[in-house]
Amino acid sequence: MDIWLKRFFWIGGTVFLAIGAFGWWDRLTNGHIGTDYGSVIPWGLWVAAYIFFIGLSAGSFLISALVYVFDVKRFESIGRIALFQALITLALALFAIWVDLGHMSRAFNVFAYPNFSSPMAWMIWLYTVYFVLLAVEMWFLLRRDLAAGAKGTGFRAKFYRFLLLGSSATSDESAVRDRKVVKVLATVGVPVAIMFHGGVGALFGVVAARPGWNSGLFPILFLISALASGGALLMLVAAIFQGGYRRNSKTIVSLGRLVLGLLILDVIFQFSEYLVAGYGNVPGHVEGLKMIFTGPYWWVFWVWQLVLGTAIPIAILATKLGRSARWVSAAGGLIALGFIGVRLNIVIPALATEEIQGLTDAVDSRRISTQYFPSLMEWSVTLGIVGLGLLLFGLGEYLLPIESEEASHVPA
């Protein structure tokens, strides 16, 4: 079963990346001409994908911190892959927001000409710190196993020697030092992850001109969503990589219980936000809610988010099916997919509410419209980013050493 799931990752990643190549060519050649957003709705699928992937990264890292900061032995078998997932999904998030820029070549300007009064500038700087922290922590986690593998011959041994940067110690003492460094890095990373993903929520929450976003709950809601979605994807990934079901079955089931609680908490916070907004009867906010519940995006909420991403997974995790690692990992996949719908419902409906009543009727242009559905080019680019992530996971499984039993030789 694990072999077939791995093959699905490779085949799916290759197909998605090939589809994405056409979208990326169009984007790099023609800019934003092939997109379906415009002046009224300037953000679309790519921004939703960005906050989806960045949530996966923050959630995955915080779950890895349960192992490396709080010493939760129950999740130790998936600690390393949680950190690897955080690194991969962070890269995908940055690709998604990079492609959304009007001038992609100017992305470096946030470093060359920083404006620290801008929340977006703070986000990019925090992402940079976070990326470096993840990479260094991952290196210390892998270092001993890489050193052991580097003593062999062939391509992998050469690759390991390259990654080691001259380090070759394999003693228990060096492993203990590595684990202490990992704990320090993970401890520093916890507030960084909370700041940047809570900051993403604040980035939306401070926009007073968009009532659908202007909420003090957003930073907290984004953090809970990150933990639920990151944990859900990890349930699926742990069923495929680093020993799969054979090694991680009990851990997957335990993680399923944690994600169930987080998902229920996320639902409570989301409906609290809807109820407060509806009772407050702020026109712009109410119009956004109507679009979510009964408007053109009703199927994203009722079918994608509520049924596939919430009701079915809860039915699995809260019953006897929740004792089966296979069912739990399937529920994790559904939850992760459902959170794409959550992110779309955050980005699009709030923008689709007219700030100037009658503007779209007064101007005859497809760019002045409250109707938005991602174009083929937008879907293609997004699938390409997903395909890249699948292949990176596969390459990580193939090239990186399988985690040894850390508890026996690397005490916290």
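Before selecting anything, note that the bend at a residue is the angle between axes fitted to the seven residues ending there and the seven starting there, and that helices (H or I, at least four residues) are DSSP runs numbered from the N terminus. This is a predicted model, in which local features need pLDDT of at least 70 and side-chain atom pairs count only at pLDDT 80 or more, whereas totals for chains, interfaces and linings use all residues. Residues are numbered from 1 along each chain as its sequence is written, and side-chain values use heavy atoms, with hydrogens and water left out.

**Stop 1: helix α9 and its end**

Select residues 244-280, which form helix α9, and centre the view on Lys250, where the helix has a kink of about 45°. Then follow α9 to the residue after it, Asn281, whose phi is positive, near 60°.

**Stop 2: the largest cavity**

Next, turn to the internal space. A cavity here is a set of points on a 1 Å grid over the protein atoms alone where a 1.4 Å probe fits but cannot get out, and its lining residues have an atom within 4 Å of a point. Grid points are joined across faces, edges and corners, and a volume is the space filled by probe spheres set on the points. The structure holds four cavities of 30 Å³ or more, and the largest of them encloses about 220 Å³. To find this cavity, select Gly212, Phe218, Tyr274, Ile292 and Asn345, which are the closest to its centre among the 17 residues that line it.

Colouring by helix is useful here, since α8 (218-238), α9, α10 (283-293) and α12 (325-351) each supply at least two lining residues. Helix α12 gives the most, with five residues. By residue class, the lining divides into 10 nonpolar, six polar and one charged, where Ala, Val, Leu, Ile, Met, Phe, Trp, Tyr, Cys and Pro count as nonpolar, Asp, Glu, Lys and Arg as charged, and the others, Gly among them, as polar.

**Stop 3: Arg143 and Val129 on helix α5**

Now select Arg143, in helix α5 (residues 119-149). Is Arg143 buried or exposed? With a relative accessible area of 3%, Arg143 is buried; the classes are buried under 20%, exposed over 50% and partly exposed in between, with a 1.4 Å probe and protein chains only. Its side chain reaches the backbone oxygen of Ala169 at 2.6 Å, which is a polar contact (a pair of N or O atoms within 3.5 Å; within protein, one must be able to donate a hydrogen and the other to accept it, and residues adjacent in sequence count only if both atoms are side-chain atoms). Leaving aside neighbours within four places in sequence, the residues in contact with Arg143 include Leu164, Ser168, Ala169 and Asp178, contact meaning heavy atoms within 4.5 Å.

In α5, Val129 is partly exposed, at 46% relative accessibility. Its C-alpha atom is separated by 8.2 Å from that of Val192, and the two are 63 residues apart along the chain.

**Stop 4: helix α11**

Move to Trp299, in helix α11 (residues 298-317), which is partly exposed, with a relative accessible area of 32%. A polar atom of the Trp299 side chain lies 3.4 Å from the backbone oxygen of Pro296, and, not counting neighbours within four places in sequence, Trp299 is in contact with Trp304 and Phe373.

Thr310, also placed in α11, is buried at 12% relative accessibility. The Thr310 side chain reaches the backbone oxygen of Gln305 at 2.9 Å, and, leaving out residues up to four places away in sequence, Thr310 touches Leu263, Val267 and Gln305.

**Stop 5: three loop residues**

Most residues other than glycine have a negative phi. Against that background, select Asp71, in the loop between α2 (45-68) and α3 (79-100), which has a positive phi of about 55° although it is not a glycine and is partly exposed at 32%. Then select Leu165, in the loop between α6 (155-164) and α7 (172-205); Leu165 has a positive phi of about 55° and is exposed, at 70% relative accessibility.

Finish at Leu400, in the loop between α14 (376-399) and α15 (406-409), which is buried with a relative accessible area of 15%. Leaving aside neighbours within four places in sequence, Leu400 is in contact with Phe84, Leu142, Tyr160, Leu163 and Leu395, and its C-alpha atom is separated by 7.9 Å from that of Leu146, 254 residues apart along the chain.

Methods: 1 Å grid on protein atoms, 1.4 Å probe; cavity = no way out; pocket = protein on both sides within 12 Å on 5 of 7 lines; lining within 4 Å.
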